[in-house]
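Student: Before we start, could you take me through this structure by setting each value against the rule that gives it its name?
Tutor: Gladly; we begin with a rule and then apply it.

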Amino acid sequence: MGGRVWNIEVIRSDEGIIFTTGWSDFFAHHSLNFGYFVVFEYRGNSTFFTSILDHSGCEVHMDAPIASSSSSQPLPSFQITMSARSFCHRCIYVPGTFARTHLPRFVNEVQIHDAAGRVWQIGLDRRGNGIVRRIARGWAAFYSTKNISPGDTCVFELINSDIPAFNVYTVAAGGRQLL
């Protein structure tokens with residue numbers, strides 16, 4: 001994920017293959033939670049490409065290196081590849097590491113700014129400790145208005161962390177486009 005190489009030791013036991021040294025670092029870095037699904041694609045020579053899917057079936061990418069249009073410094077961001085399941089559930093999960101690092105606790109809404117200058121108030125669901133869990137109420141109206149479809153990758157670029165606000169981009173072969 002993200003081009004980073006993780007060295008993880010594996011051992012074979014009566015129960016199958018067990019990840020040992022390095023797995024806890026990978027697990028913590030990607031904020032894996034119960035219900036997340038890690039897909040391993042074998043690339044040969046003991047090398048795997050991984051994809052991580054959240055509770056809604058969306059692929060999760062951590063801290064995508066995307067520079068702000070108003071600054072040469074990258075802004076904190078994450079990206080989600082939309083799945084058919086995420087449309088059924090009408091919400092998307094925010095990666096835990098991103099939420100803990102960049103979003104205030106006990107916040108109820110975020111703002112999404114679109115290319116037309118409209119500000120969308122989107123409701124959040126939180127964990128018991130106040131950390132943002134998922135983007136929910138109002139998200140379905142946004143993605144249907146913006147014609148986001150399963151398979152589209154959306155980048156959430158944090159432009160204000162005090163009152164959480166994002167620019168949301170779609171990513172395609174030709175680059176990114178503000179929605």
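Tutor: A residue is called buried under 20% relative accessible area, exposed over 50%, and partly exposed in between, with a 1.4 Å probe and protein chains only. This is a predicted model, in which local features need pLDDT of at least 70 and side-chain atom pairs count only at pLDDT 80 or more, while totals for chains, interfaces and linings use all residues. Residues are numbered from 1 along each chain as its sequence is written, and side-chain values use heavy atoms, with hydrogens and water left out.

Student: Why is phenylalanine 19 called partly exposed?
Tutor: Its relative accessibility is 35%, and because partly exposed covers the range between 20% and 50%, phenylalanine 19 counts as partly exposed. Phenylalanine 40, at 35% relative accessibility, also counts as partly exposed.

Student: What makes phenylalanine 19 and phenylalanine 40 an aromatic pair, and which kind of pair is it?
Tutor: Rings of Phe, Tyr and Trp (its six-membered ring) pair if their centres lie within 6.5 Å, and planes under 30 degrees apart count as stacked, over 60 as edge-to-face and the rest as tilted. For phenylalanine 19 and phenylalanine 40 the centres are 5.4 Å apart and the planes make 35 degrees, hence a tilted pair. The pair links distant parts of the chain, with phenylalanine 19 in strand β2 and phenylalanine 40 in strand β3, 21 residues apart; strands (E, at least two residues) and helices (H or I, at least four) are DSSP runs, numbered from the N terminus.

Student: What makes the pair of tryptophan 120 and phenylalanine 142 edge-to-face?
Tutor: The planes of tryptophan 120 and phenylalanine 142 stand at 85 degrees, with 5.2 Å centre to centre, and because edge-to-face begins over 60 degrees, that is the name the pair receives. Tryptophan 120 lies in strand β9 (residues 119-126) and phenylalanine 142 in helix α4, 22 residues apart, and both residues are buried. They also belong to one aromatic cluster, whose members include Phe78, Phe98 and Trp139.

Student: How do you know that aspartate 125 and arginine 134 form a salt bridge?
Tutor: A salt bridge is a side-chain nitrogen of Lys or Arg within 4 Å of a carboxyl oxygen of Asp or Glu. The closest N and O atoms of arginine 134 and aspartate 125 are 2.6 Å apart, so the rule is met. Aspartate 125 also meets arginine 137 in a salt bridge at 2.9 Å, N to O. Aspartate 125 lies in strand β9 and arginine 137 in the loop between β10 (132-135) and α4, so this pair ties together parts that are twelve residues apart in sequence. Asp125, Arg134 and Arg137 are thus linked in a network of salt bridges.

Student: Why is arginine 134 called partly exposed rather than buried?
Tutor: Arginine 134 has 21% relative accessibility, and because buried means under 20%, arginine 134 counts as partly exposed. Arginine 137, at 48%, is partly exposed as well.

Student: Why is asparagine 147 called exposed?
Tutor: Asparagine 147 has 61% relative accessibility, and exposed means over 50%, so the name applies. Asparagine 147 sits in the loop between α4 (139-145) and β11 (153-160), and has a positive phi of about 55 degrees although it is not a glycine.

Student: How confident is the predictor in this chain?
Tutor: The chain averages a pLDDT of 78, and 82% of the residues score at least 70, where pLDDT is the predictor's confidence in each residue, from 0 to 100.
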